[in-house]
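Subject: Structure handover

Hello,

Here is the structure I promised you. Please open it alongside this email, and my notes follow below.

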Amino acid sequence: MRSLERFKPLPGLRFKKGIRDLLRLDMDMAENKMTPVIETQGLTIRFGGHVAVDHVNFRIESFTLKSIIGPNGAGKTTFFNMLTGQYKPTSGKVFLKGEEITHLSPAQRTKRGMGRSFQLTNIFPFLTVLENVRLAVQSRQGFGFNFWQNYLHFSEAEDEAYIILKDVLLDEKWNATSAALTHGEKRKLEIAILLALKAEILFLDEPTAGMSQEEVPAILELLQTIRDARNRTMLLVEHKMDMVMSLSDTIMVLQEGKLIADGSPDEIYRNKAVQEAYLGGGASHE
Ligand SMILES: Nc1ncnc2c1ncn2[C@@H]1O[C@H](COP(=O)(O)OP(=O)(O)OP(=O)(O)O)[C@@H](O)[C@H]1O
Ligand SMILES: [Mg+2]
């Protein structure tokens, strides 16, 4: 069994890349700061006679975190599914950096940097935590044909994977079988995989669902760290209002498929329509 010694940096070879390099995205992405990265126009989907998402005009600026809130059945997940391509809208359009992507498949959207956490489906349960992240790094890099080149790719990919595990506070479990992780640790691993794939836009649908009370703060801290690095755009669906209020740059509120408010946490907190429709008039944080 390998030990942690494996991860001590060797001069000149190991750890050539720091986490800042890993989290740094291409310059063209940095130049896109404060331009809408995703925009929708009149996005609508019907299931039979039911309009689940109803003419939603939405935009999220690059490198900000936007939360989508609303009561159960408001259309949050359905809206996500149309952004990431799982559902085709009945009408309306989705744009990524000004380019219409309504017709693109989920895989094509992933290639363009839209990374969705798929509730554990992209984790290989019988591989270790490190192997799962390393595979994600390699799948991003592609494999070379030259053996020596492959070897270097492997070790570099492993180093990169380990640094990402440190970043998501999962490095102590690097050698654990993924299936043996707690629910919260699996969610961290999922986020690590999205970071390894260098997804520029992270879609997180209730990342703390099903977690024990003790596990939630670590996820909150992780999302805060990623947000503070300001090199990812994050879209979060979450029912925990404390978390939404503390993490979000902007919040949009869906009710019965309609966008009823969109603004800063403070604006949303004080919004009368939101208080009446969503918070039951009490404007409570939980
Ligand atoms: N594939 C589908 N076929 C039929 N109806 C659907 C489908 N997907 C979603 N719906 C309906 O669309 C509406 C919105 O559901 P959605 O799951 O988006 O809500 P949500 O806001 O994510 O709720 P929650 O907070 O409970 O996760 C619901 O009435 C749901 O039953
Ligand atoms: Mg949902």
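Start with helix α3. Its buried residues are Lys76, Phe79, Asn81, Met82, Leu83 and Thr84. Bear in mind that this is a predicted model. The helix runs over residues 76-84. Gly85 comes after α3, and its phi is positive, near 100°.

The ligand

α3 matters again when you turn to ligand 1. It supplies three residues to the shell around ligand 1, the largest share. The full set around ligand 1 is Phe47, Ala52, Gly70, Asn72, Gly73, Ala74, Gly75, Lys76, Thr77 and Thr78. What is this shell made of, by class? Six of its residues are polar, three are nonpolar and one is charged. Lys76 is worth a click: it is one of the residues around ligand 1, and it is also among the buried residues of α3.

The core

Next, the nonpolar side. In soluble globular proteins, nonpolar side chains tend to be buried together. Here, the largest nonpolar core has 67 residues. Those with the most contacts inside it are Val133, Ala161, Ile164, Leu165, Ala192 and Ala196. Which helix gives the most to this core? That is α7, residues 183-196, with seven residues. The core also draws on two domains, with at least three residues from each. Domain 1 covers 31-112 + 235-286, and domain 2 covers 114-199.

Ala161 is a good place to look inside. Set aside its neighbours within four places in sequence. Ala161 is then in contact with Leu130, Val133, Arg134, Val137 and Ala196. Two of these contacts, Val133 and Ala196, are themselves on the list of residues with the most contacts in the core.

The sheet

Four strands form an open sheet, in the order β2-β1-β4-β5. The pairing is antiparallel. Strands β2 (50-61) and β5 (99-100) are the edges, and each pairs on one side only. β5 pairs with β4, residues 91-96, over two bridges. In one of the bridges to β5, Phe95 has Glu100 as its partner.

The whole protein

Finally, the overall counts. The protein has 11 helices and 10 strands. Of its 286 residues, 38% are buried. Take the contacts between residues at least 6 apart in sequence: 68% of them join residues at least 24 apart.

Over to you.

Notes
Residues are numbered from 1 along each chain as its sequence is written. Chains are lettered from A and ligands numbered from 1 in the order in which they are written. This is a predicted model: local features need pLDDT of at least 70, side-chain atom pairs count only at pLDDT 80 or more; totals for chains, interfaces and linings use all residues. A nonpolar core is a set of buried Ala, Val, Leu, Ile, Met, Phe, Trp, Tyr and Cys residues joined through C-beta atoms within 7 Å. A residue is buried if 20 or more other C-beta atoms lie within 10 Å of its own, exposed if 12 or fewer, and partly exposed in between; C-beta atoms are placed from the backbone. Domain bounds come from an automatic or database domain assignment. Two residues are in contact if their C-beta atoms, placed from the backbone, lie within 7 Å. A residue is near a molecule or strand if its C-beta atom, placed from the backbone, lies within 6 Å of it. Ala, Val, Leu, Ile, Met, Phe, Trp, Tyr, Cys and Pro count as nonpolar, Asp, Glu, Lys and Arg as charged, and the others, Gly among them, as polar. Two strands pair if DSSP finds at least two bridges between them.
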